[in-house]
Amino acid sequence: MTHQPLKRTPLYESHQALGAKFVPFAGYEMPVQYRDGVLAEHRWTREHVGLFDVSHMGPALLTLVAPSGDPEADHAAIASALERLVPGDIAGLKRGGQRYTFLLNESGGIVDDLMIARPIPDDKQGLLYLVVNAGTKDGDFALIEKTLGGVAVLTPLADDALIALQGPEAAAVFAALVPEAADLGFMQTARFTLLGEKAAVSRSGYTGEDGYEILFPAAKAPALWARLLQDDRVRAVGLGARDSLRLEAGLPLYGHDLDETISPVEAGLTFALSKRRREAGDFPGGPRIQRELAGSLTRVRVGLKVQGAPAREGAEIADASGAVIGKVTSGGFSPSLSAPIALGFVPPAFSAIGTRLNVIVRGKPQPAEVAALPFVPHHYARKV
Amino acid sequence: MRFTKDHEWVSLDGDIATVGITAYAAEQLGDVVFVELPDVGKALKPGDAMAVVESVKAASDVYAPIAGEVTEANTALPDTPEMVNQDPEKDAWIVRIKVSDKAQIDALMDRTAYEAFLDTL
């Protein structure tokens, strides 16, 4: 795996032209920053609009093998198939609705976190749109095919580009191209015609800001990218700032804050477990997750405000007596707060906001305090 | 000014060497947001991790290019780490070291050799 040549997204040359610095990420050669640098790109996104290439992620369609032709019955059938793998309420998704959920293993650990959307048209109700993480997509797709084989077919949309437009002015910028997109609320999706091509658009993202994610044909993606950059409010933003933005927003990163041993309850993501699914426990690892929901937990994810040097992934967390009680799973410097912040796991007894702990950086304890998440308020355009 | 393969620079004045990181290193790091300095009086051997420079993404050690004792650290850096990007080879010096063996400095690369080294990276 480490020796396979790196893949490139359809926007590789667009990044090169903008002076991007590339790094290997999840098998792709990705822009970590452009000429402005991580701090300026981060701040630009919080104040204006950042444009991100997230084409390395895994968009896919899940399609019912034998649709009945009855739209509601077909949605119920595809949803009930996928609900065998995820704890979210997929059956209850409205047309055009999108939901954040997880692929779980038999012990309730998170195989991946993903987005699932329900199409709008009658003739597409036997279909769901998925976006999974870049580093896990091959395993995710194999797991879905193995579990749902015969009932549903998974088709990776590997030839499309995925572009995120994020920031307080994103809605105004995008409305100039697609006025109807302003009607979408947070976590709603629709298909629009954009530069003469079909685009699947959702009002979502992973920065904590309002914005859109746009699935678009690869061949026309550089033209869309260039068109969006023509607006002075928009600047290209690399993976470096994408990471610091999501960290400030308290959003977990798979492979760091989430893995196959960690459950959604431990990760503090119970909002994604619907009442019906919690009560039924009818998903992989259901018994464990029900026990944890009832209060049987040994660790939970917390936010930490750190004094001194940034505490990075792997740094130990100690209580006031010096006993090691947990580990940082991602951490760095918050450009918005001009201070180090981190996410990590500690026993519930140490998870109350304001609890004083220490993080061990280069062998030395530094003060850290449990902080409310998100570190920086979300600005989503919730409608209804 | 002399240079190491770890991208530190050394400038000698009498028996005091001033040490920092090169413009190339600063550019590679990106925006510096945190600098950790050694204590004055600390004895260093060549290759000792003597300071830490951190960008948003990662922490990088700064190594002692020569042996000696730290006589001064640039206390402006912890409050204004961005200086490392703005002026890495002058105002953002990191430490001053009382040199125990000047021959160690002569053994380092001059600018021409360092630039030739950068071309190989």
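**Exercise 1. Strand β4 of chain A**

β4(A) and strand β8 (residues 152-156) of chain A pair over 5 bridges, in the antiparallel sense. This is a predicted model. Task: find the residue opposite A:L64 in β8(A), then name the strand that 6 bridges join to β4(A).

Solution.
- Step 1. Go to A:L64. Opposite this residue, in β8(A), stands A:A152.
- Step 2. Look for the 6 bridges. They join β4(A) to strand β7 (residues 127-132) of chain A, and the two run antiparallel.
- Step 3. Check one pair there. A:P59 has A:V131 in β7(A) as its bridge partner.
- Step 4. Add the burial. β4(A) covers residues 58-64, and 5 of its 7 residues are buried.

**Exercise 2. Strand β3 of chain A**

Task: state how many residues of β3(A) are buried, and sort them by the way they point.

Solution.
- Step 1. Take residues 49-53. In this strand 5 of 5 residues are buried.
- Step 2. Recall the rule for strands. Side chains in a regular strand alternate between the two faces of the sheet.
- Step 3. Apply it. A:V49, A:L51 and A:D53 point one way, and A:G50 and A:F52 point the other way.
- Step 4. Find the parallel partner. Strand β13 (residues 234-236) of chain A runs parallel to β3(A), with 3 bridges. A:L51 has A:A236 as its bridge partner in β13(A).
- Step 5. Find the antiparallel partner. Strand β9 (residues 160-166) of chain A is joined to β3(A) by 4 bridges. In β9(A), A:A164 is the bridge partner of A:F52.

**Exercise 3. A hairpin in chain A**

Task: describe how β1(A) and β2(A) pair, and say which residue of their hairpin takes a positive phi.

Solution.
- Step 1. Strand β1 (residues 21-25) and β2(A) are antiparallel, with 5 bridges.
- Step 2. One pair sets A:K21 against A:Q33 in β2(A).
- Step 3. The hairpin has 2 residues between the strands, and A:A26 has a positive phi near 50°.
- Step 4. All 6 of the 6 residues of β2(A) (residues 28-33) are buried, so this strand is largely enclosed by the rest of the structure.

**Exercise 4. Helix α4 of chain A**

Task: why do the buried residues of α4(A) line one face of the helix?

Solution.
- Step 1. Set the frame. Helix α4 spans residues 137-148 and reaches 16 Å from its first C-alpha to its last, close to the 16 Å expected.
- Step 2. List the buried residues: A:K137, A:D140, A:F141, A:I144 and A:L148.
- Step 3. Look down the axis. The buried residues of α4(A) fall within an arc of 95°, so they line one face.
- Step 4. Link this to helix geometry. An α-helix has 3.6 residues a turn, so residues three or four places apart point the same way.
- Step 5. Turn to the face away from the buried side. It carries the exposed residues A:D138 and A:K146.
- Step 6. Follow the chain on. A:G150 comes after α4(A), and its phi is positive, near 90°.

**Exercise 5. The second largest pocket**

Task: give the volume of the second largest pocket and break down its lining.

Solution.
- Step 1. The volume of the second largest pocket is about 990 Å³.
- Step 2. Its lining has 37 residues, and A:Q98, A:F186, A:M187, A:F271 and A:R382 lie nearest the centre.
- Step 3. The lining divides into 19 nonpolar, 11 polar and 7 charged residues.
- Step 4. Strand β5 (residues 98-104) of chain A gives the largest share of the lining, 3 residues.

Terms used
Residues numbered from 1 in each chain as written. Chains lettered and ligands numbered in written order. Predicted model: local features only at pLDDT ≥ 70, side-chain atom pairs only at ≥ 80, totals over all residues. Heavy atoms only, no water. Buried < 20%, exposed > 50% of the residue type's maximum accessible area, 1.4 Å probe, protein only. Pairing = 2+ DSSP bridges. Expected span 1.5 Å × (residues − 1). Arc of directions from axis to C-beta. 1 Å grid on protein atoms, 1.4 Å probe; cavity = no way out; pocket = protein on both sides within 12 Å on 5 of 7 lines; lining within 4 Å. Points joined across faces, edges and corners; volume = space filled by probe spheres on them. Nonpolar A, V, L, I, M, F, W, Y, C, P; charged D, E, K, R; others polar.
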